[in-house]
Amino acid sequence: MDYKNDIAYRKETLKKLLHTIQKSEDLIVKALYDDFKKPEFEAVLTETNYVISELKDTIKNIHKWAKPKRVFPSILNFPSTDYIYKEPYGNVLIIAPWNYPFQLALCPLISAVAAGNKVVLKPSELTPNTAAIIAKIIEETFHINHVEVIQGGVEVSNTLLAKRWDYIFFTGSVAVGKIVAKAAAEHLTPATLELGGKNPCIIDETANLKLAAKRIVWGKFINAGQTCIAPDYILIHKDMKIPFITYLMEEITLAYGKKMEKSPDFARIINTKNWLRLTNMIQNEKIIFGGETDAEHHYIAPTLIDEPDLESAVMQEEIFGPILPILSYETEADIAKIINRYEKPLGFYVFSDNNSFAKKLITTYSFGGGCINDTVIHFSNKRLPFGGVGHSGIGAYHGKLSFDVFSHHKGVVKKGNWIDLPMRYAPYKDKLSSIKRILNWL
Ligand code: NAD
């Protein structure tokens, strides 16, 4: 079991993992449903299939990604050949959240294993059925001294964080991200922090409103709005607000029917604590659509809020639920005033047919990642880095980048012995002007 040095062994374990996941797909989908009624379609699209695709891509490319990469040498070192070696960090801790509990636990795990690390994974305690199936899959696939799942809540998390790790990969809230960063700092452990924020969705007067409404409804209400990159609030040009709201209502009804609580395609809020947080949030707001709640089933209907006060809870914290506030703007200064109230978001969306306006917003504001004329889908391209900036996170991953995240990149120069230029050696007398000329020329 030489996972550190034997790439073929790593590949074999990943193939075994692929087989176990494919074999267990129905059970994973059921666990996700049992945890918070995640619809089967969403479970397959955003969890099992996403992980399977990540695994296949990693298995296909592992040898290429792990190979030392030859880079152009510096003329100052002539003669030499220069390489970047990918070295596993060693012991990796992964702490996962509950909202995409399978994908956000397994994807970093796959890359950490591919890069040759020993891994401890702590899934979220709020999705116990998914955590249990993850533990079973990992137990069936890996030796316990290679990859281990440790289940539990905050206490277990804190016990793990108190230990010394070589890398920590955390996905979750900003508040806990700070706790993780402090624990990592104690041992100077590098860490990736995948966090959240308030993601704006700006719609100007040139946007295709009907299509925008369709794409926003999907990106906002998938997983019942419990998505880190879901649009958090709408900022729409004042002249477009009324027709846009009409389209939004139509699209929500088309997606989930008139009796939305009966829709098999709409998930539930994860627990009572979050259900209460969200129902309190809409209590004193101007609800123009939805607003129905059911404590027993942790249900909150897709809900539209008109022009909330910027000081209200719904505009203070990350919503992380099926509530969509709609604010209007008149000028670009109005947009700036609202966006700049918040920390840098994880997601950012612009709907516009005016390329220069869209480009201006994309380049003016700092955010993790985003889309023009759509929502959320940037997540699905493995060639795009996924991560936050500022309070929405540190570091990024997906695809090959994930392999690199879990590898220390070691620069190595292999010097040739067939000639030894005397320039750099003391005594330096008379050599300064020549070295200056060479450095100037480079
Ligand atoms: P969370 O921060 O409450 O929990 C995440 C993990 O940390 C869990 O495993 C939990 O057991 C552990 N944890 C919780 N409190 C802890 C503490 N005090 N000390 C140590 N560990 C602790 O987050 P969550 O509620 O599971 O997920 C929702 C949040 O995660 C949202 O803010 C969302 O935006 C963010 N998120 C970000 C991404 C991303 O990719 N950037 C993806 C999903 C969710």
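Start at the ligand and select Glu318: an N or O atom in the side chain of Glu318 sits 2.6 Å from an oxygen atom of the ligand. Keep in mind that you're looking at a predicted model.

Now add Ala96 to the selection. Here the backbone does the work of getting close: one of the N or O backbone atoms of Ala96 is 2.7 Å from a ligand oxygen. Next, click on Glu194, where a backbone N or O atom lies 3.4 Å from a nitrogen atom of the ligand. To see the wider surroundings, show the 27 residues around the ligand; the ones that come nearest are Ala96, Glu125, Ser173, Leu195 and Glu318.

**On to the strands**

Select residues 233–237, which make up strand β9. Is this strand mostly covered or open? Mostly covered, with five of its five residues buried. Colour its two sides separately: Tyr233, Leu235 and His237 are on one, Ile234 and Ile236 on the other, and both faces are covered.

Now bring in the partners of β9. Strand β8, residues 200–203, runs parallel to β9 and is joined to it by four bridges. To find your way across, pick Cys201, which stands opposite Ile234 in β9. Then trace the chain from β8 through helix α8 (residues 209–221) into β9, and you've followed a right-handed β-α-β crossover.

Strand β14, residues 323–329, also pairs with β9 in the parallel sense, again over four bridges. Which residue of β14 is the bridge partner of His237? Select Tyr329 to see it.

**Rings and charges**

Switch to showing aromatic side chains; there are 17 aromatic pairs in the structure. Zoom to Phe78 and Trp418: their ring centres are 5.8 Å apart and the planes meet at 85°, so this pair is edge-to-face. The two residues are 340 apart along the chain, with Phe78 in the loop between β1 (69–71) and β2 (80–88) and Trp418 in the loop between β20 (407–415) and α14 (432–441). Turn on a surface and compare the two partners: Phe78 is partly exposed at 38% relative accessible area, while Trp418 counts as exposed at 64%.

For a bigger group of rings, select Tyr50, Tyr89, Tyr167, Phe169, Phe379, Phe386, Tyr397 and Phe406 together, since these form one aromatic cluster.

Finish with two lysines. Lys38 lies over the face of Tyr100, at 4.0 Å from the ring centre. Lys198 is placed over the face of Tyr342, at 5.9 Å from the centre of that ring.

How values were computed. Residues are numbered from 1 along each chain as its sequence is written. This is a predicted model: local features need pLDDT of at least 70, side-chain atom pairs count only at pLDDT 80 or more; totals for chains, interfaces and linings use all residues. Side-chain values use heavy atoms; hydrogens and water are left out. Rings of Phe, Tyr and Trp (its six-membered ring) pair if their centres lie within 6.5 Å; planes under 30 degrees apart count as stacked, over 60 as edge-to-face and the rest as tilted. Buried means under 20% relative accessible area, exposed over 50%, partly exposed in between (1.4 Å probe, protein chains only). A charge sits over a ring if NZ of Lys or CZ of Arg is within 6 Å of the ring centre and within 35 degrees of the ring normal. Two strands pair if DSSP finds at least two bridges between them. A crossover is right-handed if, with the strands pointing away from the viewer, the path from the first strand over the helix to the second runs clockwise. A residue is near a molecule or strand if one of its heavy atoms lies within 4 Å of it. A polar contact is a pair of N or O atoms within 3.5 Å; within protein, one must be able to donate a hydrogen and the other to accept it, and residues adjacent in sequence count only if both atoms are side-chain atoms.
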